[in-house]
Amino acid sequence: MSILTSNDIRATFLDFFARQGHEIVPSSPLVPRNDPTLLFVNSGMVQFKNVFTGAEKRARPRATSSQKCVRAGGKHNDLDNVGLTARHHTFFEMLGNFSFGDYFKEEAIALAWALVTKDFGLDPARLLVTVFSEDEEAAGFWRKVAGLPDRKIIRIPTSDNFWRMGDTGPCGPCSEIFWDHGDHIPGGPPGSPDEDGDRDAGAAAAAVDRYRHGAGADFGDPAGQAR
């Protein structure tokens, strides 16, 4: 596997999703234009928050972006981990793909798997995935799409695999693909006592914003978005 530059990775990601019918959307400013809840953009979905909540509509139901982000405080704060691991940063680009009522969990999983194993050429034998512990549907899709055995589908019962935008708004179960660097790197798989090591690194994630919570919305209200 050849070494890719950040430009290579960005171009490969955006080109892959453009071929799958996604509109390439430029990064929004690091300081949000219309979100008083954030000092800095901290994830790729921030510029689409009003679409996820139903306040705005987009002409095209699929989007992809490379979003500039800062995580140095608030809900998503990586500052305390910088320098302690090889994978935490305060400023970075987040690559993302988004479906606004178009495709859902199965296609999101299939796209993520195709991207990492085909376009990025990662060896499937060195990949494992996580799902939210109650999300047997996602586990079934990983078996169907990727042919993964149950020992490579790790069920996580914590918020690590249940994404929330904040105290209110879209939320839902998520899956992640992890790359095993090998036993020469300290650490263990997600959910193990050694999960904070660097051996297993997240390579891709599929979050399904299936519910809304807070601000008068029931926890179980379907939102029907994927990313």
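**Entry 1. Helix 3 and helix 4**

I began with the contact between two helices and noted that K105, E106, I109, A110 and W113 in helix 3 meet E137, A138, F141, W142, K144, V145 and A146 in helix 4. I sorted the residues of this contact by character and recorded eight nonpolar, no polar and four charged. I record here that the model I am reading is a predicted one.

I then looked up the geometry of the pair. Two packed helices are described by the angle between their axes and the distance between the axes. Helix 4 covers residues 136–146, and helix 3 packs with helix 4 at an angle of about 45°, the axes being 10 Å apart. Helix 3 is therefore oblique to helix 4. I entered the crossing of helix 3 with helix 4 as right-handed.

**Entry 2. K105**

I returned to one residue of that contact. K105 belongs to helix 3. Is K105 buried or exposed? Its relative accessible area is 3%, so K105 is buried, since buried means under 20%.

Leaving aside residues up to four places away in sequence, I listed what K105 touches: D135, E137, A138, F141, V208 and R210. Among these, E137, A138 and F141 also appear on the helix 4 side of the contact with helix 3.

**Entry 3. Helix 1 and helix 3**

I next examined helix 3 against another partner. Helix 1 spans residues 6–19 and helix 3 spans residues 105–119; their axes come within 11 Å and cross at roughly 130°. That angle makes helix 1 oblique to helix 3. I noted a right-handed crossing for helix 1 and helix 3.

Which residues form this contact? From helix 1 I wrote down T12, F13, F16, F17 and R19, and these meet L111, A114, L115 and D119 in helix 3. By character, the residues of the contact of helix 1 with helix 3 divide into six nonpolar, one polar and two charged.

**Entry 4. The whole chain**

I stepped back to view the chain in full. I counted four helices and nine strands. Read from the N terminus, the elements follow the order α-β-α-β-β-α-β-α-β-β-β-β-β.

The chain has 227 residues, and 44% of them count as buried. I also looked up how contacts are spread along the sequence. Among contacts in the chain with a separation of 6 or more, 65% are between residues 24 or more positions apart.

**Entry 5. R60**

I turned to a residue in a loop. R60 sits in the loop between helix 2 (49–52) and strand 2 (62–70). Its relative accessible area is 38%, so R60 is partly exposed; this value falls between the limits of 20% and 50%.

What does R60 touch, apart from residues up to four places away in sequence? I found G21, H22, E23 and F100. For one of these I also noted the spacing: R60 and E23 are 37 residues apart in sequence, and their C-alpha atoms are 7.2 Å apart in space.

**Entry 6. N97**

N97 is located in strand 3, which runs over residues 91–100. With a relative accessible area of 11%, N97 is buried. I looked for a partner of its side chain and found that the side chain of N97 makes a polar contact with the side chain of Y103, at 2.9 Å.

**Entry 7. G169 and W179 in strand 7**

I took two residues from one strand. Strand 7 comprises residues 169–180, and G169 is found there. G169 counts as buried because its relative accessibility is 13%. In sequence, G169 and F52 are 117 residues apart, yet in space they are 8.6 Å apart, C-alpha to C-alpha.

W179 also has its place in strand 7. Its relative accessible area is 12%, so W179 is buried. I noted D200 as well: the C-alpha atoms of W179 and D200 are separated by 5.4 Å, with their positions 21 residues apart along the chain.

**Entry 8. A125**

I closed with a second loop residue. Where is A125 placed? A125 is in the loop between helix 3 and strand 4 (127–132). Its relative accessibility is 54%, so A125 counts as exposed, the limit for exposed being over 50%. A125 and L148 are 23 residues apart in sequence and 9.3 Å apart in space, C-alpha to C-alpha.

Key. Residues are numbered from 1 along each chain as its sequence is written. This is a predicted model: local features need pLDDT of at least 70, side-chain atom pairs count only at pLDDT 80 or more; totals for chains, interfaces and linings use all residues. Side-chain values use heavy atoms; hydrogens and water are left out. Buried means under 20% relative accessible area, exposed over 50%, partly exposed in between (1.4 Å probe, protein chains only). Contact means heavy atoms within 4.5 Å. Axes are lines fitted to C-alpha atoms, for helices over the stretch in contact, and angles run from 0 to 180 degrees between N-to-C directions. Angles under 35 degrees count as roughly parallel, over 145 as roughly antiparallel, 65 to 115 as roughly perpendicular and the rest as oblique. A crossing is left-handed if the near helix is turned anticlockwise from the far one by less than a right angle, and right-handed if clockwise. Ala, Val, Leu, Ile, Met, Phe, Trp, Tyr, Cys and Pro count as nonpolar, Asp, Glu, Lys and Arg as charged, and the others, Gly among them, as polar. A polar contact is a pair of N or O atoms within 3.5 Å; within protein, one must be able to donate a hydrogen and the other to accept it, and residues adjacent in sequence count only if both atoms are side-chain atoms.
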